Amino acid sequence: MKRVFKVSPLLWACIFFYSCSEEEVKVNNDYKFISPVNFPEPTYTFENNQITEAGFELGRHLFYDPILSVDGTVSCNSCHQLSLAFADAQQHPLSIGVNDRLGIRNAPSLANLAYFTEFFWDGGVTHLDHVPINAIEAEFEMDEELSNVVQKLRQSSKYDSLFKQAFDVDEITSPFMLYALAQFTTMMVSANSKYDKYVRNEEESLTEQELRGLESFEAKCSSCHSGVLFTDMSYRNNGISSDFVDLGRATITELESDIGKFRVPSLRNVQRTSPYMHNAKFKTLEEVLDHYESGISISETLDSSLEKGIVFENGEKDDIIVFLKTLTDYEFISDERFTAPQ
Amino acid sequence: MKLYQLFLLVLVASVILSCDEEENTDSGTMMVYFSHFGGLDHQSGEALELDLAESGSTDYDIHSMEEGIGMFNVATLQYYVTNIKLEGPNGEIFIDPMKVSAKAEEVTGYYLVKEGKSSSKAIMLSNVPAGEYDKITFTIGVPEEGIKEGAAGGVLDPAEGAPFWNWNNGYIGLTVEGMAMNSEQPQVIGDGWTIEEGSYAFHIGGWKDIEETTANNIKTLTFDLDGQLSVNAEQNPAIHMGFDIVQLLEETGVDFASTYAVHSPLLGANFAENLNKAFFLKHTHQTDSHEMKEDDHDHDDHSGEGHNH
């Protein structure tokens, strides 16, 4: 919580200015990172990159600008859409071509990123600032492309002043572009679902079926999809395949025992983030639950708790799905701050 | 003049004065040079200075007696030097301050030494406490401290040529690329890039301490100097380090027929293990008489033996 109330020198200056001119101090919480009370401490390095309105707005422009792609056709928003909790509607295969690294991975939802310490399905990136470099360079590790983006931003008419306002820099450089994107993406906090309001006693109650679903979920799913982020941040093989083209966590650790393990994804807004799994194997939550019940593929690295599948009582799968829908945060997916800039 | 203007003037003046006072006579500088070699001359036993080849050129000007290595050339050679430390016999110690920042001008202590760019091969350490020094320690690679702060500028900015793995975030500690007669690398044509047939690329990176893996290739090397160097305000002592690519490949046991594309921490581990044999103290100078030149051939005596002028 400490961090939230940290006052930047600039803000002090404003406060000073305002109090001198005897005006009221207006604090705009729209551009402050406020950690929900039912959440843990964020892990993002806000001490290096404090959120400001100008920084956030610059990030917003960048997020929606296809200038970041080679041919000017793709923006972050092409694969991460607000109405889908920043997941991808279609299945965008993403190949990360360091030599034989080919992969078809589904774009995950972007939410609560300030609380993660490892990103991507394989956890290969350990800082949110570094994530867009991969997104931008995608095909092969040729560091030329990030520099091209910087060149294009320098040549465009609008970005000079936006960077100047946000970071007081005279020249656009990549770290400040990454800072701006991180300001935009760390602010994507999803904590106002029906479930959250129920947990925080904010005059919201769950229906009987939702409560039954919650109970079942806690018994059968929360060993992996645990805590308020609905992930224990570990890497596991949940039996969706026994022959992994995409090695998953083993790409990073280079351990055979990690082949086919992927990060346990958060289930927040899961109703909106179809298709499911890193390889987009399932289209519906029904298919996902059927998978856990009777579709588990056996392989060396399969999580031992799933060897026999998960046994459900009659109606239990429906209850769980009904519960999962309480994780949809309608305020988040319609938040004006995250829409395309005018 | 308003009173507060006067006050400001006094303030500025006092800052300038106090800055003046800080000019420390009890400290000096130390220059650390890096030169690169491609094996020893078989007759004289002298270390042979490395000449960069044109990218894709099949002029193989480096030779190893090891069959798996044979004839090859180097088109790119660069590495990060970080965490430089000097120590002396009487407890003298200098630790180069390390700072990561998005602002390029604020980044300190991280150096990308690149063959072909002579300014990068001379590292000037300042504010070294006066005293005697007989030991240098430095790290090859960018350790966790350089990653965990997030986006960084200057020599750590991937848009400015910092060698960076974006899929397994981290800097490539040592890059060696070129062509080798024995390399089995087939031609690969991608979207806007080509990998030449017969080329090789060794990218040694990986800083993560992941349980059970050897992924951490950040190596810290220590060298005893050939005697003691005095640091004081009057003299310009220098330490001249060497790096021999043939030594590295021979100690690592590289066979170009099977090892030509190293792009992961585990594949690079063997190389990292042998860095301490590839780097060596060339010699030291108590008073550095050499100006930095466009190419620094002339300040090498090619003896390969340590001496202290």
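**Close-up views of a two-chain predicted model**

At 7% relative accessibility, Q78(B) counts as buried. This and every other value in these legends comes from a predicted model, so please read the views below as computed pictures.

**View 1. A buried glutamine in a strand of chain B.** Let us stay with Q78(B), which sits in strand β5, spanning residues 76–87 of chain B. Which residues is Q78(B) in contact with, leaving aside its neighbours within four places in sequence? Three of them are L112(B), V113(B) and K114(B). Another is P163(B), and the list is completed by G173(B), L174(B) and T175(B). With a relative accessibility of 7%, the residue falls in the buried class.

**View 2. Chain B as the setting for that strand.** Stepping back from the glutamine, we find 18 strands and four helices in chain B. The chain has 309 residues, and 51% of them are buried. How much of the contact in chain B joins residues at least 24 apart, among contacts between residues at least 6 apart in sequence? The share is 74%. Chain B has an accessible surface of about 14,500 Å², and carbon and sulfur atoms account for 48% of that area.

**View 3. Chain A in outline.** Now we turn to the other chain in these views. Chain A contains 13 helices and two strands. Of its 342 residues, 53% are buried. Among contacts in chain A with a separation of 6 or more, 69% are between residues 24 or more positions apart. The accessible surface of chain A is about 16,300 Å², with 52% belonging to carbon and sulfur atoms.

**View 4. Two helices of chain A crossing.** Here you can follow helix α3 (residues 53–63) and helix α7 (residues 159–167), both of chain A. Their axes come within 8 Å and cross at roughly 145 degrees. Is the crossing of α3(A) and α7(A) left-handed or right-handed? The crossing is left-handed. On the α3(A) side, the contact is made by A54(A), G55(A), L58(A), H61(A) and L62(A). On the α7(A) side, the contributing residues are Y159(A), L162(A), F163(A), Q165(A), A166(A) and F167(A). Sorted by type, the residues of this contact comprise eight nonpolar, three polar and no charged.

**View 5. A buried phenylalanine in strand β2 of chain A.** F262(A) belongs to strand β2, made of residues 262–263 of chain A. Is F262(A) buried or exposed? F262(A) counts as buried, since its relative accessibility is 6%. Not counting residues up to four places away in sequence, F262(A) touches R105(A), W121(A), S234(A), Y235(A) and R236(A), as well as F244(A), D246(A), L247(A), G248(A) and H278(A). For a sense of distance, look across to L181(A): L181(A) and F262(A) are 81 residues apart in sequence and 25 Å apart in space, C-alpha to C-alpha.

**View 6. Backbone details in the loops of chain A.** The loop between β2 and α12 (285–294) of chain A holds P275(A). The peptide bond leading from S274(A) to P275(A) is cis, with omega near 0 degrees. The loop between β2 and α12 of chain A is also the place of N269(A). N269(A) is not a glycine, yet has a positive phi of about 60 degrees. At 0% relative accessibility, N269(A) counts as buried. Elsewhere, in the loop between α7 and α8 (174–186) of chain A, we meet D168(A). D168(A) is not a glycine either, and has a positive phi of about 55 degrees. Is D168(A) buried or exposed? D168(A) counts as exposed, with a relative accessibility of 57%.

**View 7. Cysteines without a disulfide.** A disulfide is a covalent bond between the sulfur atoms of two cysteines. How many disulfides are there over all chains? With sulfur atoms required to lie within 2.5 Å, the count comes to zero. Why does C76(A) not form a bond with C79(A)? The sulfur of C79(A) is the closest cysteine sulfur to that of C76(A), but they are 8.7 Å apart, which is too far for a bond. C76(A) is partly exposed, with a relative accessible area of 21%. C224(A) is also in no disulfide, and the nearest cysteine sulfur, in C221(A), is 8.9 Å away. C224(A) counts as buried at 12% relative accessibility.

Conventions: Residues numbered from 1 in each chain as written. Chains lettered and ligands numbered in written order. Predicted model: local features only at pLDDT ≥ 70, side-chain atom pairs only at ≥ 80, totals over all residues. Heavy atoms only, no water. Axes fitted to C-alpha atoms, helices over the stretch in contact; angles between N-to-C directions. Left-handed = near helix turned anticlockwise from the far one by under 90°. Contact = heavy atoms within 4.5 Å. Nonpolar A, V, L, I, M, F, W, Y, C, P; charged D, E, K, R; others polar. Buried < 20%, exposed > 50% of the residue type's maximum accessible area, 1.4 Å probe, protein only. Areas by Shrake-Rupley, 256 points an atom, 1.4 Å probe, with all protein chains shown as cover.
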